[in-house]
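Here is a protein model to look at together, in a series of questions and answers. Please keep the sequence and the 3D view side by side while you read.

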Amino acid sequence: MPEPFLLAQGASELLFSPKMGNRHGLIAGATGTGKTVTLQTLAENFSALGVPVFLTDIKGDLSGIAKAGSATPKIAERLKALGLTDHAYTAYPVVFWDIFGQSGHPIRATISEMGPLLLARVLNLNDTQEGVLQLLFKVADDHGLLLLDLEDLREMLKFIAENAAQFTVEYGNISTASVGTIQRALLQLDQQGGSKFFGEPALNLDDFIQTGLDGRGVINILAADQLMQSPRTYATALLWLLSELFERLPEVGDLDKPKLVFFFDEAHLLFTDLPKEIEDKIEQVVRLIRSKGVGVYFITQNPIDIPERILGQLGNRVQHALRAFSPRDQKAVQSAAETFRQNPKLDVAQTITQLAVGEALVSLLDETGTPAIVERALIVPPHGQIGPITAAERDAIIKQSVLYGTYENAVDRESAAEKLQARAAERIGAPVAAPATPDQPRPLPGATPTGQPATAGGGLMGTIGTLLFGSTGPRGGKREGLLEMMTKSAARSATSQVTRQVMRGVLGGIFGNKR
């Protein structure tokens with residue numbers, strides 16, 4: 001069993017039990033009080049235990065983990081106060097990620113993986129517009145159309161709008177106004193760089209759960225400084241990652257140490273304007289994902305930024321200083337004080353406002369899972385560099401990574417956009433693709449069998465052709481032929497299994513669905 005590591009020291013040594021690492025945690029405090037350094041210290045210690053880590057780097061400061069630190073005057077003063085004489089400086093194995101592909105390996109997800117619920121939040125849609133989006137996913141599912149990138153989504157919107165009369169009977173009303181609103185939202189998302197996030201190759205979450213050659217856990221750092229310019233996209237991307245982990249990882253119970261630890265910086269963005277439906281599921285995930293060996297740690301300014309039901313799941317707590325200048329701040333101080341196991345020798349509410357930089361109120365879970373009495377303590381400084389590395393150093397680490405070249409080049413395979421564009425070309429008489437096979441999904445509305453005329457010719461042969469292959473009216477209305485009717489059921493059956501394997505998570509396992 002891994003030995004507990006020293007996180008802070010006050011009246012006594014405050015040891016973090018690796019066994020309790022999957023019981024989640026909270027790092028809170030005002031700006032400039034030392035939250036980022038505490039996060040770095042925790043991440044380094046988990047890595048040293050062989051635990052992979054994922055964290056978001058909002059300000060670019062955390063890239064220094066990849067480089068050994070040095071004995072600055074402030075660190076030397078802290079080590080002296082703590083009585084530590086064996087503090088060695090070292091670099092840690094790091095993989096840099098960046099949704100935009102500029103400061104790390106690109107992270108991509110397909111539209112299908114994101115699902116309509118999270119996608120509606122990214123696009124800031126109302127209930128009616130979200131309903132149209134869910135209808136779109138259902139139509140794509142039924143017709144075997146892969147939704148991989150924003151272009152697929154745009155073509156599908158055009159498709160359901162043009163065939164609204166036919167789809168309304170089977171799927172429900174399609175509002176052209178809602179379709180237009182979604183199209184405009186997609187345009188805005190594209191301008192913010194959303195096209196770089198949606199597509200393939202999609203992220204393989206196994207690449208997060210890696211150890212270095214020396215057995216230390218790899219620290220995955222997501223560059224989020226540019227992503228933070230779109231807070232809703234930032235929050236949704238992190239919720240998607242968490243939901244994918246919940247869905248894919250197996251149950252492992254309580255381990256000697258976590259399988260993976262997630263740190264969510266600026267956690268208040270995750271819950272801003274969050275629908276009650278999603279909040280309920282996040283609370284469920286945080287409660288259940290620990291049995292899959294994953295620890296989730298939220299970093300925010302005020303504890304009241306976290307919904308109470310989720311806050312109650314966070315066992316390990318580090319509270320840096322808060323400033324009580326406003327009624328909301330005073331409420332935050334009181335709320336933070338009440339969440340600790342009280343220390344009769346300490347006025348917690350008063351102490352929170354008096355803490356120095358790098359000092360915190362700490363309460364960790366012991367080996368039995370019981371919160372320890374809160375203590376005022378100094379946080380142990382990290383072993384890596386405090387502050388960012390240079391752009392050249394970052395670039396060298398990226399290119400030396402075993403993942404370099406895996407995600408750098410986008411792949412654009414045939415999906416909904418290409419199929420719908422081919423159908424449109426066929427209808428106007430442009431060259432068409434090879435004949436369809438029985439393994440293909442059911443035909444799209446208005447489509448004709450490849451190589452057959454859109455309308456039957458005259459005479460006996462025309463009549464036979466119409467009976468066998470069906471016909472298309474002047475307005476695109478489709479009359480099924482005998483061959484199509486006979487093969488339709490078999491084609492749909494053959495397709496359904498494949499399409500469901502690639503279709504959306506819709507928050508994946510959070511909702512209990514299987515892709």
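Q: Leaving aside its neighbours within four places in sequence, with which residues is F264 in contact?
A: This is a predicted model, in which local features need pLDDT of at least 70 and side-chain atom pairs count only at pLDDT 80 or more, while totals for chains, interfaces and linings use all residues. Residues are numbered from 1 along each chain as its sequence is written, and side-chain values use heavy atoms, with hydrogens and water left out. Contact means heavy atoms within 4.5 Å. With neighbours within four places in sequence left aside, the contacts of F264 are T56, L238, L242, L270, V296, Y297, F298 and I299.

Q: Is F264 buried or exposed?
A: F264 has its place in strand β7, residues 260-264, where strands (E, at least two residues) and helices (H or I, at least four) are DSSP runs numbered from the N terminus. A residue is called buried under 20% relative accessible area, exposed over 50% and partly exposed in between, using a 1.4 Å probe and protein chains only. Because its relative accessible area is 2%, F264 counts as buried.

Q: What separates the C-alpha atoms of F264 and L39 in space?
A: Along the chain, F264 and L39 are 225 residues apart. In space, the separation of their C-alpha atoms is 10.0 Å.

Q: Which residues have the most contacts inside the largest nonpolar core?
A: A nonpolar core is a set of buried Ala, Val, Leu, Ile, Met, Phe, Trp, Tyr and Cys residues joined through side-chain atoms within 4.5 Å. In soluble globular proteins, nonpolar side chains tend to be buried together. The largest such core here has 87 residues, and those with the most contacts inside it are M156, I160 and F298.

Q: Which helix gives the most to this core?
A: The contribution to look for is one of 10 residues. It comes from the helix spanning residues 231-248, which is α9.

Q: How many residues are in the second, separate core?
A: This core includes F5, I27, L39 and L49. Its number of residues is 34.

Q: How many of the residues of strand β6 are buried?
A: In a regular strand the side chains alternate between the two faces of the sheet. In β6, I219, I221 and A223 are buried on one side, and N220 and L222 are buried on the other. For this strand, residues 219-223, the buried count is therefore 5 of 5, under the 20% limit for buried residues.

Q: Which residue stands opposite L222 in β6?
A: Two strands pair if DSSP finds at least two bridges between them. Strand β4 (residues 53-57) pairs with β6 in the parallel sense over 5 bridges, and strand β5 (residues 94-97) also runs parallel to β6, joined by 4 bridges. In β5, V95 stands opposite N220, whereas the residue opposite L222 is T56.

Q: Which residues form the covered face of strand β2?
A: Strand β2 (residues 13-16) is joined by 4 bridges to the antiparallel strand β1, residues 5-9, and the two form a hairpin with 3 residues between them. The uncovered face of β2 has E13 and L15, and L15 stands opposite L6. The covered face is made of L14 and F16.

Q: Which residues does A30 touch, not counting those up to four places away in sequence?
A: A30 lies in the loop between β3 (25-28) and α1, and because its relative accessible area is 14%, A30 is buried. A30 and H320 are 290 residues apart in sequence, yet 7.1 Å apart in space, C-alpha to C-alpha. Beyond four places in sequence, A30 touches K35, Q301, A321, L322 and R323.

Q: Which residues line the largest cavity?
A: On a 1 Å grid over the protein atoms alone, a cavity is a set of points where a 1.4 Å probe fits but cannot get out, and lining residues have an atom within 4 Å of a point. The search of the whole structure finds 6 cavities of 30 Å³ or more, and the largest has a volume of about 50 Å³, a volume being the space filled by probe spheres set on grid points joined across faces, edges and corners. The lining residues of this largest cavity are I99, F100, Q192, G193, G194, F197, Q226, L227, S230 and T233.

Notes
1 Å grid on protein atoms, 1.4 Å probe; cavity = no way out; pocket = protein on both sides within 12 Å on 5 of 7 lines; lining within 4 Å.
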